[in-house]
Amino acid sequence: MSDTTQQRSDVLIVGGGLMGTTTALFLRRHHGLRVTLLERELIGRQASGTNFGNVRRQGRDLAQIPLANRARAVWGRVNELLGEDLEFAPLGHLRVCYTEAQAAKLEQHVRDVQPLGLDLKMFSADALRRRWGIFSDAVVAGSLSPVDGHANPRLAGPAFGRAAQRAGAHIHEHSEVAHIERVGTEFVAHTVDGRQYRAAQLLVTTGAWSARFAQAFGEPVPLDARGPQMGVTEPLPYAIAPSIGVSTPIEEEGLYFRQIARGNIVFGGGLKGPALADVVRAYVKPDNTLRQLRELRRFVPAFANVQLIRVWSGIEGYTDDWVPVMGPSARVPGLHYAFGFNGEGFAISPGVGEVMAELIATGRTSTPIDAFAIGRFATAPQSQPITT
Amino acid sequence: MTPRIVIVGAGPAGVRAAQALVEAGVRPIVIDEGRRDGGQIYRRQPEGFTRTHAMLYGSEAAKAQALHNDFDALRAQIDHRAETLAWNVTAGQLHTVHAPSGETATLDFDALIVCAGATDRLMPVPGWHHAGCYSLGAAQIALKAQACAIGSRVVFMGSGPLLYLVAAQYVKAGARVDAVLDTSPALPTFTALRGLLNRPRLLLRGLALKASLRLGGVKLLNRISPLRIEGTAEGGVSGVVVRDARGAERRLACDAVGLGWHLRAETQLADLARCDFEFEPLSRQWLPRIDACGRSSMPGVYLAGDGARILGADGAEAAGRLAALAALDDLKHERGRTLFAAEQAGLQRTLATMNGFREGLAQAFPWPHAQAAALPNDAVVCRCEAVTAGELRRSVRELGSQELNRAKAFSRVGMGRCQGRYCGHAAAEIVAAAASIPVEKIGRLRGQAPVKPLSMSAQEHE
Amino acid sequence: MSKPLPPAGSGGRFVRLAETSRPALHLRIDGEPATALEGDTLLVALLTHGRRVRTSEFGDGTRAGFCLMGACQDCWVWDEAGQRLRACSTVVTEGLAVRTTPPASSWPVTPEVAARERGEVSS
């Protein structure tokens, strides 16, 4: 067999979204390992490319804050790191709410995250008016994370991919993996067109499509595909710096928006739409769009004068317990996972990449990720690791 | 049970579809963005204008009159919703908004007949973003619907029969037209001529138009290559520079340019309805797949008129009627089936003749696709977002796009308010040339709702 | 920010060829009085009064419409209340007041961004 059909690396990554490409980059830059990444279609095109683009730490599960802090440090130097502009705008992330009960939750969160290194600032309705002046009377309070913000998801995945490639990773697009087997101490991935790639370690970062790979290695994970309902307006005079969202227990109300430097306003939130992972299609339901317009007007009255020009969706992977799957396999040595980020993976992806690279290269990581272990889904006591 | 049938578009195709349905005893909903019926070709002037149909529509006056009269007679028997946009479509449902009030409505349908028409097809020319540059259709609408010329000294450039028609209409109405610049050769090829001879009256009319322009002192140049439209950011267009057939550079001073290369179908609703599309090499564009009766690949969705195949007004009228009857036949509507059985063959023969002429037109006035690859890097391709040819090429050469939607994701081409209507075809040619991939392999811009900008105050009637 | 349109009488872009005996209507364009004829679209009113409809957001200059059929979306302006109007498909009515640049009511610049633009750092 020729070298090209039996390519061997130290690490094989399956799935070319942000989790895969960031890990590939850091495996090369920080650890010098040989990396091959296989992407079914085009780098960064699925959830990585269709999400809202929030780079936020507040409002996350507390277990994710250390990982989010680590990611934020990378975002701060991302343009330098990649040699490309990802349009990261660290001009704040603001959460507002409609009820005093929710305001109390925001205040509690401020207290909860402070010891974890995140300093948030509460705003009364009056203070919100003085600083931004765009909210309706329905908004009663807000919480600002001053140095978080947003970036451009369409550009990020491909930019990380190109940087990984320049750093020596072998990135193969149009390389759908049919199955992966364990042969001795190696993993062998077979693409649908008959190519084979081998490595001692394997990382599964196939997003909403990860369940079958986990299942094949004896670690089934309940994973649901859902479509974010996104929209963008025509360009408007640049007026709003932070990324802004509504914090609410009512799913339909949970809107968020951000204005980009060119002036368009990107928004999303509320109910999710249908996402069909098997045919790679996701849809925006018209009634969701109309409801979003209503909720946007409710929280920022000036939206009534604006025009929507495009909607889109994507395919995101959701776990049953709203906790990501990240870390080593519980059954197979050398196997690792990073998927199921429940629609909030974009912000933490550079941190995920650093952590997974560290874990794969050295066997451990300084950032706590035990809460994300795949072993939590095992229904039987852990049996012997698989060796074939 | 009376079938629920919705027609989008009150131009020739939509009106004849409505008429067929009413004859069969069905009351359709006819939605249209305009205030008045007529579509583009037979666009009606506002009430209170005095010009006759003969003055407005020339040789087509009788047809225009018949269409307008027939629609007026239909009003009581249809549910006509003017100034209404179909902004999205899902299985069995059309999502509409009445623009003046912002009121939304969801229309359930058993059959949807989309007669969305066409727009001009544009090839960017450096400087075409300057104020004072218009499509040929715009120049015609300014005259037909508002009795205005687009400028005091007009140059028309492009190709296709509309180029000469609009120029001649301008001259006749008293506007100053300095030149008509055609990228096609003066004489059609033998193959083209064969196609054109399907409709000899139209062919002769075209020749007569050219003759009348020459007589009127208008400079006619063929085989030109557009080099640039000159102008300033503040003042707009000041002139057009082309390379003539002998290779010499020629400048024509003007304050308005009418630009266009025939038409492109408005296919956004067909796309949202998940109809299959196929690439048509003759016109180098992606068109929704239809059968000989106008059935799309989606059951219940029918496509007729210039929004499916550019056959002109006469073809649209036949296609609209045929699609409506086919819909009734498919719905097993008794009276509709009878009409369909009686008329199907004749209508299809008419359409076949029109199609032969269409092929001749495409051959006589080809889409100058090579101009796209020749655009300088600083030429604006996407007018809405001011994206240049160079930025588009960069998305291929530096960022690795080998497909049009990827190039859009990286360069923003097609992300503006018009959603790729005017830049999409040229963008495909530029990306294909930069990637050295045939244009039919480069993909097409995927349509997304809303079909046109939707006001964020749109809401259900309370 | 772009300059307001030049004052009335300094020459429009479009040329009226016929139908000039229609009743006159009065409107305001960027605060300036203007006249149009009954049946005119807003685009025709703007382009008989002056030579532009709006200015491109991306620095490439003034725009004066393009397709005149509601397809290109290049002729959107505002009324004084901030509502969007597509000039080529809006009919002029007596007393219509339009803005060719975004009025403050339509999308307000926040105090925070204004402060940033003045170089005042916010935390």
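The following exchange examines how terms are applied to chains B and C of a predicted model.

User: What should be known about the model and its numbering?
Analyst: The model is predicted: local features need pLDDT of at least 70, side-chain atom pairs count only at pLDDT 80 or more, and totals for chains, interfaces and linings use all residues. Residues are numbered from 1 along each chain as its sequence is written, and chains are lettered from A and ligands numbered from 1 in the order in which they are written.

User: How do you know that residues of chain C are in contact with residues of chain B?
Analyst: Two residues are in contact if their C-beta atoms, placed from the backbone, lie within 7 Å. On this criterion, 32 residues of chain C are in contact with 43 residues of chain B. Strands E1 (15-16) and E5 (62-63) of chain C each supply at least two residues of the side that touches chain B.

User: What makes residues of that side of chain C nonpolar, polar or charged?
Analyst: Ala, Val, Leu, Ile, Met, Phe, Trp, Tyr, Cys and Pro count as nonpolar, Asp, Glu, Lys and Arg as charged, and the others, Gly among them, as polar. The side of chain C that touches chain B accordingly has 13 nonpolar, 7 polar and 12 charged residues.

User: Why are E10 of chain B and E1(C) said to pair?
Analyst: A strand (E) is a DSSP run of at least two residues, a helix (H or I) one of at least four, and both are numbered from the N terminus. Two strands pair if DSSP finds at least two bridges between them. Strand E10 (residues 148-149) of chain B and E1(C) have 2 bridges, in the antiparallel sense, so the definition is met. Arg16(C) is the bridge partner of Cys148(B).

User: How do you know that E19(B) and E20(B) pair?
Analyst: Strand E19 (residues 277-280) of chain B and E20(B) share 4 bridges in the antiparallel sense, with Glu280(B) opposite Gln285(B). The two strands form a hairpin with 4 residues between them, and Arg284(B) in the turn has a positive phi of about 55°.

User: What makes residues of strand E20 of chain B buried?
Analyst: A residue is buried if 20 or more other C-beta atoms lie within 10 Å of its own, exposed if 12 or fewer, and partly exposed in between. Gln285(B) and Leu287(B) point one way, Trp286(B) and Pro288(B) the other way, and all are buried. Of the 123 residues of chain C, 48% count as buried.
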